[in-house]
Amino acid sequence: MNLLIKFLLIIIVFLNILGCSQNKTKVPGKPNVLLIIVDDQGYADFEPFENHSPEISTPNMNRLAEAGTVFTQAYTTAPVCSPSRAGLMTGKNQFRWDDKAGWGPGLPENVKTIAEYMKDAGYTTARIGKADFGINYHKFDVREYPLNHGYDYFLGFSAHAHDYWLTSEETAKRTPDPNGTSAHLGPLMENNGYKSYPDEEYLTDIFTNEAIKYLKKDKDAPFFLTLAYNSVHHIIHEVPKKYLDKYQVDPIHNYEPDSMETFGRQKPGTYSAYYEKYTRLGAIQDEDMRKFYLANLDCLDDNIGCVLDALKEQGLDKETMIIFVSDNGGSPLTGAKNTPLSAGKYSLWEGGIRVPMAISWPGKVEAGKVETSYVSATDILPTISNAAGINLTDETVDGIDLLHPNQDRVLVWRWGNTWAVRKGNWKLTNTNEQWGKGRPSKMYIKPISNDLSIKLFNLEEDPGERNNLAEQWPERVDELKEAYENWVNENSGKY
Ligand SMILES: [Ca+2]
């Protein structure tokens, strides 16, 4: 063997030793980041909050809270999934570009996402679960598809929701309308193709298993993993039997094309008929709906526990920042509870936009702390950026670091023809008094637009927004109205 080859072999062996001896912190000081997004979880359905519903038990969410800080006044930028996720992923109020402030803001080419910032900073990035900007569903070649806005890997679905059981190609082929409803049915999207699972495998478990597989992979860089469960969104009754047994509720059969009867205006045999029957206050009501929800939430919590265990087993727990957030308030159509807040998903009442949120990062974020200052989901991007050493220069980012809340900041919301503004303990809104404050009704989904009068609330004294103080505090009304109008005039169309 000549000297040159010997020399090259020595170099190769040396490089290998270097590679093997690296632990999983690839860049000193840069944490891994796990962003867990859950769907439609109610404010009262999060055990770390003191006044949670006595019916729930979320021991693994409690673990997150004990290891870090929970926020009792965390807001999303919208009361439904797609616009809220657009705000969360970009750190910006999505109505900067979505002038309608509606269900489908999409993602403009020039608005940078957290994943893109992280990728630029040298992170390896992955998204598992739901991807939802409200438009361009089921398509690969669009800005809204995760591979086209900063993620190296994606496994999941691009839609509002997905059937929790039916992920096989066989069932999709027999279904006349697999994309016909808010929920999708059939194989998941994985990078540039599809991945089919047996219909016996449960979607929440699939996402957990794939996330754990990802955590176990040896990577060349710190990771940014977005784990976006669609639990506890419709179709709420689809839960493994052991959880249904625990809450003493009978299972409902899965969708079956050959035997599905017509429902409402939906044709027989369609998935739309099944969806409508079980999600719009049709076949499931009141107490049963709550039981299905509790079973679904319990399963979600167990799954989060598995991910936390895996992080620990891999020795990653000490060097991983975890952020946990629900994308909007609990839905009145799934059995979620938001007490003491009013209303829920679909409205700008506190129940629609104030959500469970927690952050942990050992040694950096205070453990066991309850933060009562108000914060926003737009703060997630700056918080993660700061942790990763990214210098944010975009002045149209609305968020600030979660670890340094500001109680004088102005938060604004626009949702259809309704709006709201918060500064200090005061909130001003034109949201309809009838919208969602009463018994669950199908009308929750569409705003009732005949009462858009101004209401003022002191959230410190009246978090349920029952006592309209607009007449007593006219100067406060003017101040907040001006703050809202100033924000809109200065920022609409700038992004
Ligand atoms: Ca949602």
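Helices α2 and α9 sit oblique to each other, because their angle falls in neither the roughly parallel range (under 35 degrees), the roughly antiparallel range (over 145) nor the roughly perpendicular range (65 to 115). The angle between α2 (residues 59–67) and α9 (residues 286–313) is about 50°, and their axes are 7 Å apart. Here an axis is a line fitted to C-alpha atoms, for helices over the stretch in contact, and angles run from 0 to 180 degrees between N-to-C directions. Helices are DSSP runs of H or I with at least four residues, strands are runs of E with at least two, and both are numbered from the N terminus.

Who does the touching? On the α2 side, P59, N60, M61, R63 and L64 make the contact, and on the α9 side L297, L300, D301, D302, I304, G305, L308 and D309 do. Contact means heavy atoms within 4.5 Å. Sorted by type, the residues of this contact are 7 nonpolar, 2 polar and 4 charged. For that sorting, Ala, Val, Leu, Ile, Met, Phe, Trp, Tyr, Cys and Pro count as nonpolar, Asp, Glu, Lys and Arg as charged, and the others, Gly among them, as polar.

A quick word on where this comes from: the model is predicted, with local features needing pLDDT of at least 70, side-chain atom pairs counting only at pLDDT 80 or more, and totals for chains, interfaces and linings using all residues. Residues are numbered from 1 along each chain as its sequence is written, and side-chain values use heavy atoms, leaving out hydrogens and water.

**The open sheet**

Next, a sheet of 4 strands: it is open, runs in the order β13-β14-β15-β16, and its pairing is antiparallel. Two strands pair if DSSP finds at least two bridges between them. β13 (410–415) and β16 (455–458) are at the edges with a single partner strand each, so one side of each has no neighbour in the sheet. From one strand to the next, the twist averages 15°. Helix α12 (residues 474–491) packs on this sheet and touches β13, β14 (418–423), β15 and β16, with its direction at about 110° to that of β14. Strand β15 (residues 426–429) pairs with β16 in the antiparallel sense over 4 bridges. One detail of that pairing is K427, whose bridge partner in β16 is F457.

**A helix tucked inside**

How many of the 9 residues of helix α8 are buried? For α8 (residues 271–279) the count is 7, so this helix is largely enclosed by the rest of the structure. Buried means under 20% relative accessible area, exposed means over 50%, and partly exposed is in between (1.4 Å probe, protein chains only). The buried set is Y271, S272, A273, Y274, Y275, Y278 and T279, and these residues pack against β6 (183–184).

**Unusual backbone spots**

Most residues other than glycine have a negative phi, and most peptide bonds are trans. Here are some places that go the other way.

| Place | Backbone value |
|---|---|
| L281, just after α8 | positive phi of about 55° |
| N136 | positive phi near 55° |
| A343 | positive phi of about 55° |
| S231 to V232 | cis, omega near 5° |
| T339 to P340 | cis, omega near 5° |

N136 lies in the loop between β3 (124–131) and β4 (153–158), and is partly exposed at 27% relative accessibility. A343 is in the loop between β10 and α10 and is buried, with a relative accessible area of 17%. P340 also belongs to the loop between β10 (320–326) and α10 (350–353). V232 is in the loop between β9 (223–228) and α7 (241–246).

**Two buried side chains**

Y374 is in strand β12 (residues 369–376) and is buried, at a relative accessible area of 0%. Its side chain reaches the backbone oxygen of R409 at 2.7 Å, and a polar atom of the Y374 side chain lies 3.2 Å from the backbone oxygen of Q407. A polar contact like these is a pair of N or O atoms within 3.5 Å; within protein, one must be able to donate a hydrogen and the other to accept it, and residues adjacent in sequence count only if both atoms are side-chain atoms. Leaving out residues up to four places away in sequence, Y374 touches several residues, including Q73, Y75, P405 and R422.

H149 is in the loop between β3 and β4, and counts as buried at 1% relative accessibility. The H149 side chain has a polar atom 2.8 Å from the backbone oxygen of R143, and reaches the backbone oxygen of Y145 at 3.3 Å.
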